[in-house]
Amino acid sequence: MSSLFAVGLTLALVAVFSAIGQAFASGKALESMARQPEIAGDVRTTLILALAMMEALTLFTFVMAILMWTKI
Amino acid sequence: MYFLPATIVKAAEHATTLAAEAQSGETGLAAAMADKFEELNHVLAHLAPIDKFQIGPITITSTILNTWLLAVLLIGGCYLLTRNLDFVPKKAGQKVLEMAVEFIGSLAETVLGPKGRDYIPFVGTIFVFILVCNLAWFIPGMLPPTTDMNTTFGFAICAIIFVNYYGIKANGFRSYIKHFYNPLILMEQFTHAFSLGIRLFGNMFGEKMVATVLAILVPLIFPLPVQILGIIMGFIQAFVFTLLTITYIGDFVLGH
């Protein structure tokens, strides 16, 4: 049962912190888009790239959580 | 690389034991959940690719069959749509295809500059194929090939090989090999391939897992938002894979 708790805690922690990181990035991007609408396209491309980088760490943890859950 | 089916089978066994425990317990929530666990077991067993048949030492799984089917559909559809092209597009099919090419071309141009249009054939193929693989979820009875780790790592390794090939082709072998004076660049090739594969697999598998479990527990209305998110997610993941591939090409082609 404690291993199940560890799996849940892993996913919860990584979700919280990656959400905070992505929120900072998206907020700043929105601010800059509102300030200079003519570069909105460039900002959006860079933002998606950055969000994908942050998302990757979450997903590594997700795969690790599956492995922990099935005890491989 | 074949550990994923084993993982899912283990998870299915886990669900079976949970169901047995819940059935042996007293009445109340545990007994009510027993049926749900049984269904979960059923679905988890079907999330794994099934072995269809065998050619020599190679096992052909359902993932490979689905990938071939989608590839044949794409090739046949594009062949039918581009048989007799007009200079000014009149037919709907040609308009849609030109929009797709233009989308990829403008994406490559923003990252690589005017040379970006040379890379449309490879990058566009990857985008369209991954998009179709992600959205194959909505064809009844078909498991999206991208929920299998073998497919996504196949895409990723293919992309990295082509990135290096384009690096040699654009600037010549001598200036290509100069990149590797920094040993971190060599290691980067492996981490790029790994992260591309894991990102696509994790997103698609997680999305599908969440939607499946939610559809078992609350079959009415609640899975709908998650499935709409699945459409958007399939598009975004294909876009991100393409964008990262273009960026990696840029690392070699544009120079430092």
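Student: What makes Phe103(B), Phe138(B), Leu224(B), Ile228(B), Leu229(B), Ile231(B), Ile232(B), Phe235(B) and Ile236(B) a nonpolar patch on the surface?

Tutor: Patch members need over 30% relative accessible area, and nonpolar side chains are joined within 5 Å. In this predicted model, these residues form such a patch, with about 790 Å² of accessible area together.

Student: Which element gives the largest share of the nonpolar patch?

Tutor: Helix H8 of chain B, residues 223-253, does. Seven residues come from there.

Student: Take Leu229(B). Why is Leu229(B) called partly exposed?

Tutor: Leu229(B) sits in helix H8 of chain B. Its relative accessibility is 45%. Buried means under 20% and exposed means over 50%. The value for Leu229(B) is 45%, so the residue counts as partly exposed.

Student: What else in H8(B) can be put to that test? Is Met233(B) buried, exposed or partly exposed?

Tutor: Met233(B) is also placed in helix H8 of chain B. Its relative accessibility is 21%. The buried class ends at 20%, so Met233(B) counts as partly exposed. The C-alpha atoms of Met233(B) and Asn203(B) are separated by 7.9 Å. Along the chain, the two residues are 30 apart.

Student: And Val253(B), buried or exposed?

Tutor: Val253(B) belongs to helix H8 of chain B as well. Its relative accessibility is 4%. That is under 20%, so Val253(B) counts as buried. Its C-alpha atom is separated by 9.5 Å from that of Lys115(B). The sequence separation of this pair is 138 residues.

Student: How do you know how H5(B) and H8(B) are oriented towards each other?

Tutor: Two packed helices are described by the angle between their axes and the distance between the axes. For helix H5 (residues 120-135) of chain B and H8(B), the axes come within 9 Å and cross at roughly 155 degrees. Angles over 145 degrees count as roughly antiparallel, so H5(B) is roughly antiparallel to H8(B). The crossing of H5(B) past H8(B) is right-handed.

Student: Why are H2(A) and H7(B) described as they are?

Tutor: Here the pair spans two chains: helix H2 of chain A, residues 40-69, and helix H7 of chain B, residues 183-217. Their packing angle is about 70 degrees, with the axes 9 Å apart. The range from 65 to 115 degrees counts as roughly perpendicular, so H2(A) and H7(B) are roughly perpendicular to each other. Their crossing is left-handed.

Student: What makes the contact of Glu102(B) and Arg117(B) a salt bridge?

Tutor: The N to O distance is 3.0 Å. The limit is 4 Å between a side-chain nitrogen of Lys or Arg and a carboxyl oxygen of Asp or Glu, so the contact qualifies. The pair links distant parts of the chain, 15 residues apart. Glu102(B) is in helix H4 (residues 92-112) of chain B, and Arg117(B) is in the loop between H4 and H5 of chain B.

Student: What makes Glu102(B), Glu109(B) and Arg117(B) a network?

Tutor: Arg117(B) forms a salt bridge with Glu109(B) too, with the closest N and O atoms 3.1 Å apart. Arg117(B) also meets Glu102(B). The three residues are thus linked in a network of salt bridges. The count over all chains comes to two salt bridges.

Student: How exposed are Glu102(B), Glu109(B) and Arg117(B)?

Tutor: Glu102(B) has 42% relative accessibility and counts as partly exposed. Glu109(B), with 32%, is partly exposed. Arg117(B), with 31%, is partly exposed.

Student: What is notable about the phi of Ile221(B)?

Tutor: Most residues other than glycine have a negative phi. Phi of Ile221(B) is near 65 degrees, a positive value in a residue other than glycine. Ile221(B) lies in the loop between H7 and H8 of chain B. Its relative accessibility is 64%, and the exposed class starts over 50%, so Ile221(B) counts as exposed.

Student: Why is Val163(B) called buried?

Tutor: Its relative accessible area is 2%, which is under 20%, so Val163(B) is buried. Val163(B) lies in helix H6 (residues 149-178) of chain B.

Student: How many helices and strands does chain B have?

Tutor: Chain B has eight helices and two strands. Along the sequence, the pattern is α-α-β-β-α-α-α-α-α-α. Of its 256 residues, 42% are buried.

Definitions and conventions. Residues numbered from 1 in each chain as written. Chains lettered and ligands numbered in written order. Predicted model: local features only at pLDDT ≥ 70, side-chain atom pairs only at ≥ 80, totals over all residues. Heavy atoms only, no water. Patch = residues over 30% accessible without salt bridge, like charges linked within 9 Å, V, L, I, M, F, W, Y side chains within 5 Å. Areas by Shrake-Rupley, 256 points an atom, 1.4 Å probe, with all protein chains shown as cover. Helix = DSSP H or I, 4+ residues; strand = E, 2+ residues; numbered from the N terminus. Buried < 20%, exposed > 50% of the residue type's maximum accessible area, 1.4 Å probe, protein only. Axes fitted to C-alpha atoms, helices over the stretch in contact; angles between N-to-C directions. Parallel < 35°, antiparallel > 145°, perpendicular 65-115°, else oblique. Left-handed = near helix turned anticlockwise from the far one by under 90°.
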